[in-house]
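Let's take a walk through this model together, from the pairing of its chains down to individual strands and helices. Keep the structure open beside the text and turn it as you read.

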There are 2 protein chains.
Amino acid sequence: MTKTRIGVIGGGQLARMMAVAAIELGLDIKVFAEAEGSSAQIAATMVGDYTNIESIAEFANTVDAVTFDHEHVPLAVLRELEARGVSVQPPSRALEFAQNKLQMRKRLGELGLPMPVWAEIRTAAELQEFLGDNGGVCILKTPIGGYDGKGVRVVRSVQDASDWLSAEGLASVGGSLLAEEKVNFVREVAQLSARRPSGEFKSWPLVQTTQKDGVCSEVICPAPNASEATIAHAAQIAREVAEGIGVTGVLAVEMFETPNGRLLINELAMRPHNSGHFSIEGSVTSQFEQHLRAVLDMPLGSTESRAGYSVMVNLLGVDDQNDFVGSLDAVLTAHPQAKVHTYGKSPRKGRKMGHVTVVSDSAEFALAESHATVAALLDA
Amino acid sequence: MTKTRIGVIGGGQLARMMAVAAIELGLDIKVFAEAEGSSAQIAATMVGDYTNIESIAEFANTVDAVTFDHEHVPLAVLRELEARGVSVQPPSRALEFAQNKLQMRKRLGELGLPMPVWAEIRTAAELQEFLGDNGGVCILKTPIGGYDGKGVRVVRSVQDASDWLSAEGLASVGGSLLAEEKVNFVREVAQLSARRPSGEFKSWPLVQTTQKDGVCSEVICPAPNASEATIAHAAQIAREVAEGIGVTGVLAVEMFETPNGRLLINELAMRPHNSGHFSIEGSVTSQFEQHLRAVLDMPLGSTESRAGYSVMVNLLGVDDQNDFVGSLDAVLTAHPQAKVHTYGKSPRKGRKMGHVTVVSDSAEFALAESHATVAALLDA
């Protein structure tokens, strides 16, 4: 018998979009939300503190497998769940690397995978040395707790990082920082894939991603003008990461593409990811459906594209009033092809409030129409 | 400001699939279900009796517009809601015709629309005369209460209808029956469309439908080998019905296609309909999203197809145990392109438990794969 009950820890938009996929297929989804009124409240069966093992264990007891909307559940909690026999997908031994960027770099190095030059930094002297070896500039990251550009800084001198390098600063991020070379890249790409506990692996087409202030703003599927070699290499990297780290469910590998065509791994996400939202309309199987299938160890669906191009553009909050739903009326007449998604979140400037996808055999149309729809929503 | 709160009366699979569309767009959907544990329970905010005006009025008070999962809410209740200022979509003046097939035939006649020869039957003599005029056979229908083949009978003599023609039988269906010629058709087709209260109208491509024991079993979009004239005529018929009757939201017009290419209106449904389930994956805008947009008087989305062909096959219950979700594991490996939908309903033989859609540029593949997936689910 197929296991059919999924528990998602975290009530954000990823859990919300997983709920849609669960309803369509007829799987039973329950969400453990951090607060009332979450984006995924329609499927929320418990509200509580995800760092509390007893709360999480009580929730886990109602489902066949536990998965995640975010990476913030403490490893100790995950390991204790596993010790109690809960199916945690992805497992703690994989999530460890999603939670700690230094551990991730070390593990990717052991696997021989391509990435920027990096170093663990514990002192100003180590940072000074790394800057000297890398043209006087680097990307400095806190190994834990960062997301959407937070915990990431371009650094040109030790003074730029004096707060992080203080005893207090270091203590708050686990004792050290991660320095990476500032890669000279021509663009960023992402490779979305999924893997079942029993081993089946499938990847979507490579996509091109554009970040704005550290937040994903646009995704084009497939990545325009990618060579066959690059496409094959990206899929191979994703497979080696998933198998090497033991990832189950959806994995997003964000990469830099360099002027000479190399791919360097930037970040990993072991869950549905903003770079895969296009797949709701753009692919035969969306990342959300695939994630549910994968974590329940069900057969994976086709990742083929439904049309030539899909473009996704994020809809970021402008203030604490506009949820964009209220202005749909004024916007959609001119954009009948646009698929608008909003997340039911309280508005806040810069917050991910929704996204728009346009699928078309014309890349130009998909690009123009998705951006025009977002622009109209922002203006309305 | 866009109105964003929709109330659906009835908790069946249509309300369930409307809930998915509402979550995606970020609209607020509430369902008035007839019982706990309904197919649409994830969005159910009230459980009660839909013939009770006070319950329904209390529910209507929480939303901007009320729409329906089924046609069974009494006209008196609908009219009272309207009298109290509730936006009922479609309105009672349209639903009147969905609830009573005799009224529908009369109204379609006034509109000059093509349909089978028909007559109102109050006595055995009238039925005898109709049989005599129509080759000794007719389709006899109860004007109210029928669906999915119930309340419909092929009649070759007055004896075949003696129960319905008894004083008691007639009283239970409103005093008369509807007799229709048994149309010699080459196939059945359906025209799906949507209309906003403010007038905007859009139709999907004409589809071919196949019924088995009075229940929809297969839908092919677009209807294979339909002539340009037939396609245009079908869309024109739908527009004339929608405008002539004042339908808002989705309208499905089921029609016979005769050997000489005529279209004759069989049935109307003023809500999302089984003949439109293909649109979830097959169209830029699904019938469920379009229905929500239409009843809120929002701009309608594109009804273009996403690929050459979509084929939908219904998944009917085999017993009171099998919900099909439990056998997904055994089935999906061989069918990675199939989109399986199940409705979370208690299993029962013959009950609509779910459906499978396959979208492809090859009609042969879409047909073969959708049927193979359903066959595998039935066998598993």
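The tour below starts with the two chains and then moves into chain A.

Please bear in mind that this is a predicted model. A good place to begin is the relation between the two copies. Chain A is superposed on chain B by a rotation of 180° with 0.0 Å of shift along its axis, and the RMSD is 0.0 Å. That is the relation of a two-fold axis. If you would like a landmark for the axis in chain A, look for Val20(A): its C-alpha is the nearest to the axis, at 2.8 Å. Both copies use the same surface, as 100% of the contact residues of chain A recur in chain B.

What does each chain bring to this contact? Chain A supplies 36 residues and chain B supplies 36 residues. On the side of chain A that touches chain B, the elements giving two or more residues are α1 (13-25), α12 (328-331) and β16 (339-342) of chain A. Of these, α1(A) gives the most, with six residues. Sorted by class, that side of chain A has 19 nonpolar, 13 polar and four charged residues.

Stay with α1(A) for a moment and look at its packing within its own chain. Its axis and that of helix α11 (residues 287-295) of chain A come within 8 Å and cross at roughly 70°. The two helices, α1(A) and α11(A), are therefore roughly perpendicular to each other. From α1(A), the residues Met17(A), Met18(A), Val20(A), Ala21(A), Ala22(A) and Leu25(A) take part, and they meet Phe288(A), Glu289(A), His291(A) and Leu292(A) in α11(A). By class, this helix contact divides into eight nonpolar residues, one polar and one charged. You will recognise Val20(A) here: it belongs to this contact, and its C-alpha is also the one in chain A nearest the axis.

Now step back to see the domains. Chain A is divided into domain 1 (5-88), domain 2 (117-181) and domain 3 (187-379). Between domain 1 and domain 2 of chain A, the C-alpha centres lie 33 Å apart.

Next, find the open sheet of four strands in chain A, with the order β5-β8-β6-β7 and antiparallel pairing. At its edges stand β5 (118-121) and β7 (152-155) of chain A, each with a single partner strand, so one side of each is left without a neighbour in the sheet. From one strand to the next, the twist averages 25°. Within the sheet, strand β6 (residues 138-141) and strand β8 (residues 177-181) of chain A pair in the antiparallel sense over four bridges, and Cys138(A) stands opposite Glu181(A) in β8(A). Helix α5 (residues 101-110) of chain A packs on this sheet, touching β5, β6 and β8 of chain A, and its direction makes about 50° with that of β8(A). Helix α6 (residues 124-133) of chain A also lies across β5, β6 and β8 of chain A, running at about 165° to β5(A).

One last stop is a hairpin. Strand β11 (residues 207-212) and strand β12 (residues 215-221) of chain A run antiparallel and are joined by five bridges, with Lys212(A) opposite Val215(A) in β12(A). Two residues lie between these strands, and Asp213(A) in the turn has a positive phi of about 55°. β12(A) is also joined by four bridges to strand β15 (residues 309-316) of chain A, again antiparallel. There, Glu218(A) has Val313(A) in β15(A) as its bridge partner.

Methods: Residues numbered from 1 in each chain as written. Chains lettered and ligands numbered in written order. Predicted model: local features only at pLDDT ≥ 70, side-chain atom pairs only at ≥ 80, totals over all residues. Contact = placed C-beta atoms within 7 Å. Nonpolar A, V, L, I, M, F, W, Y, C, P; charged D, E, K, R; others polar. Least-squares fit on C-alpha atoms with pLDDT ≥ 70 in both. Domains from an automatic or database assignment. Pairing = 2+ DSSP bridges. Axes fitted to C-alpha atoms, helices over the stretch in contact; angles between N-to-C directions. Parallel < 35°, antiparallel > 145°, perpendicular 65-115°, else oblique.
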